[in-house]
Amino acid sequence: MHTIYGVALGPGDPELITLKALRVLQEADVIFYPGSINKGIQKSFVYPMLSYHGLENKQLEGFYLEMTLDRISAKEMYSRTTEKIISAYKEGKKICIVCEGDISLYASFSYILEKLQVATLPVTLIPGINSFTLGAAQHQVPLSLLNDKVAILPRVKDIKEIETCFESFDTIVLMKIRGGWTNFQTALAQQDWKYYYCERLGTKEEYITTNLVELSTREIPYFSLLIIKK
């Protein structure tokens, strides 16, 4: 029996993975990868990264999640995927489960990991570069210096939540901003803060800006984030 690997692929650029991650993927028999279903259309953000490294010759098993806040269908998919993983494990196959970004930050893998731990299977996690680390690098700005405190806020709904957070933190990373963006975009422009917007980092469609005015008519995609500094 072989150890099951959870492998982070990074934010989008296929070359932003670790040497260990690439080696384990190349040695794998089967790779489970996530994707999304939106209006009946299946799409995987990570599949092109696997393809880039010539891993199509592996047994590739996609698990696609509905783009909805309803977690019932997602839980069912995680359960079915875990059953497939356990079956492949019992067959003696070398297994990798991949995710975009880092393996422990808002990663769908974490829900599968919990089930694998309940089944007492051997699992090793290989971390990776997360999106806001790449975002800071692309903007060439430090996330923190000296004693700066950094906060990560997902799905912010209003400016008050950001203002309250700045009472204790120096840098705020807003993740999953699309849902509440229209609620606080105008209020952001009235603040004396520094903004570093990023979308589709590491891909050919990457777009970054420090000018919020440019975003006033822009459609904000799912893969977007905003770094805010005092």
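Which residue in β11 is the bridge partner of Tyr195? Keep that in mind, everyone, while I show you around. One thing before we start: this is a predicted model.

Let's take the whole protein to begin with. You can count seven helices and eleven strands. Along the principal axes, the C-alpha atoms fill a box of roughly 60 × 35 × 30 Å. The radius of gyration is 19 Å, and a compact globule with 230 residues would be near 17 Å, so the two agree. Of those 230 residues, 44% count as buried. Now look at contacts between residues with a separation of 6 or more: 70% of them involve residues 24 or more positions apart.

Next, please find strand β9, residues 194-199. This strand is mostly covered, with five of its six residues buried. It has two partners to talk about. One is β11, residues 224-229, which runs antiparallel to β9 and is joined to it by six bridges. And here is the reply to my opening question: Tyr195 has Ile228 as its bridge partner. The other is β10, residues 207-209, also paired with β9 in the antiparallel sense, over three bridges. There, Glu199 stands opposite Tyr207.

Now follow the chain into the loop between β10 and β11, where you'll meet Phe223. Is Phe223 buried or partly exposed? Its relative accessibility is 32%, and buried means under 20% while exposed means over 50%, so Phe223 counts as partly exposed. Together with Met67 and Tyr222, Phe223 makes a nonpolar surface patch of about 250 Å².

To finish with the outside: the protein exposes about 12,300 Å², and carbon and sulfur atoms supply 49% of that. Thanks for listening!

Methods: Residues are numbered from 1 along each chain as its sequence is written. This is a predicted model: local features need pLDDT of at least 70, side-chain atom pairs count only at pLDDT 80 or more; totals for chains, interfaces and linings use all residues. Side-chain values use heavy atoms; hydrogens and water are left out. Buried means under 20% relative accessible area, exposed over 50%, partly exposed in between (1.4 Å probe, protein chains only). Helices (H or I, at least four residues) and strands (E, at least two) are DSSP runs, numbered from the N terminus. Two strands pair if DSSP finds at least two bridges between them. Patches are made of residues with over 30% relative accessible area and no salt bridge: like charges are joined within 9 Å, nonpolar side chains (Val, Leu, Ile, Met, Phe, Trp, Tyr) within 5 Å. Accessible areas come from the Shrake-Rupley method with a 1.4 Å probe; for residues, only the protein chains shown count as cover. A salt bridge is a side-chain nitrogen of Lys or Arg within 4 Å of a carboxyl oxygen of Asp or Glu. The radius of gyration is taken over C-alpha atoms; the globule rule is 2.2 Å times the number of residues to the power 0.38. Contact means heavy atoms within 4.5 Å.
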